[in-house]
Every structure is written in C-alpha cells, then in structure tokens.
Amino acid sequence: MQIIEWDDFTKVEMRIGTIIRAEVNSKAKKPAYVMDVDLGVLGIKRSSAQITVHYTPESLIGKQVLCVCNFEVKRIAGIKSEVLITGAPDETGAIVLAEFNLPVPNGSRLA
C-alpha cells in the first residue's frame, strides 16, 4: 500500500449524491447503466457504471452514493461520464455501491 499525504487526500472531491434517474446503457459493450446523480450545489451529473449484477435501474432511484467529482469528464459507451460512482467488488467481482444508511445532504463532502 502506498502512503499518501493528507494534502493528496484533500485533492479528491468525494461527495454524496442521490441517484435520480437510471437506465440501461444500450451502447455499452458490457452491461451498464447510465445514471443522473443530484449532487446539490454541484448540480446534476451523469455517470455510467457496470453495476447490473446487484442492481436494477428501479432499485437505484433514491440511493445516496459516494462520488468522485473532480476527475476529467470521460466518454464511456456514448455518454459523457462526469462523476465516478464508487463501490467495491464482492467475492465474484461484481460491484457493490458505497452508499449511506442515513440521509445526508446532497453535495456533502466526505470528511
């Protein structure tokens, strides 16, 4: 594991947002969803994620997730992905979202 300085950590804008729209990304080579995430003061941002094993588009609506907001915008399967929704792989490699059990204001920065 590489040790980083506190200043390195503070450069990463990790914020909480609520998924307000999710649909299948029909242009993706591997199954994926396109989602709109309400990030409060940062506005609504779009993301694409390969999270189809554990989630349906309907089950994603209203989930609060942790997003990295200051990566460069990236084109993924025909969409402009503006934020990275975070998660971790389960024992099979399928992604489980990093989400919150209690409500947090959209746009809150991870502390």
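Helix α1 (residues 6-10) holds both W6 and F9, which are three residues apart, about one turn of the helix. The model described here is a predicted one. W6 and F9 form an aromatic pair, with 5.2 Å from centre to centre and 45° between the planes. The pair is classed as tilted, because an angle under 30 degrees would count as stacked and one over 60 as edge-to-face. The count of aromatic pairs comes to one. The two partners are placed in separate classes of exposure. W6 is exposed, with a relative accessible area of 60%, because exposed means over 50%. F9, at 27% relative accessibility, counts as partly exposed.

**Strand pairing**

Strand β1 (residues 14-24) is joined to β2 by six bridges, and the two strands run antiparallel. Within this pairing, T18 stands opposite D38 in β2, and E23 has V34 of β2 as its bridge partner. β1 also pairs with strand β4 (residues 64-68), again in the antiparallel sense, over five bridges. There, I16 stands opposite L66 in β4.

β2 in turn is joined to β3 by six bridges, and these strands run antiparallel as well. V37 stands opposite K45 in β3. β2 and β3 form a hairpin with five residues between them. In the turn of this hairpin, G40 has a positive phi of about 60°.

Strand β2 covers residues 33-38, and five of its six residues are buried, so the strand is largely enclosed by the rest of the structure.

**Strand β6 and residue S81**

S81 lies in strand β6 (residues 79-81). Its relative accessible area is 7%, so S81 is buried; the cut-off for that class is under 20%. Leaving aside residues up to four places away in sequence, S81 touches R46, S47, S48, V73, K74 and I76. Some of these contacts reappear below: S47 and S48 are among the residues closest to the centre of the largest pocket, while S48, K74 and I76 are among those lining the second largest pocket.

**Pockets**

The two pockets are set side by side in the table.

| Pocket | Volume | Nonpolar lining residues | Polar lining residues | Charged lining residues |
|---|---|---|---|---|
| Largest pocket | about 240 Å³ | eight | five | three |
| Second largest pocket | about 160 Å³ | five | two | three |

The largest pocket is lined by 16 residues, and those closest to its centre are S47, S48, V83, L84 and I85. Three strands, β3 (44-49), β5 (74-76) and β7 (84-85), each supply at least two residues of this lining. The largest share, three residues, comes from β3.

The lining of the second largest pocket consists of A28, K29, K30, A32, S48, A49, Q50, K74, I76 and A77. Here β3 and β5 each supply at least two residues. S48 is named both among the residues closest to the centre of the largest pocket and in the lining of the second largest pocket. Strand β3, which is joined to β2 by six bridges, also contributes to the lining of the largest pocket and to that of the second largest pocket.

Conventions
Residues numbered from 1 in each chain as written. Predicted model: local features only at pLDDT ≥ 70, side-chain atom pairs only at ≥ 80, totals over all residues. Heavy atoms only, no water. 1 Å grid on protein atoms, 1.4 Å probe; cavity = no way out; pocket = protein on both sides within 12 Å on 5 of 7 lines; lining within 4 Å. Points joined across faces, edges and corners; volume = space filled by probe spheres on them. Helix = DSSP H or I, 4+ residues; strand = E, 2+ residues; numbered from the N terminus. Nonpolar A, V, L, I, M, F, W, Y, C, P; charged D, E, K, R; others polar. Buried < 20%, exposed > 50% of the residue type's maximum accessible area, 1.4 Å probe, protein only. Contact = heavy atoms within 4.5 Å. Phe/Tyr/Trp six-rings, centres within 6.5 Å; stacked < 30°, edge-to-face > 60°. Pairing = 2+ DSSP bridges.
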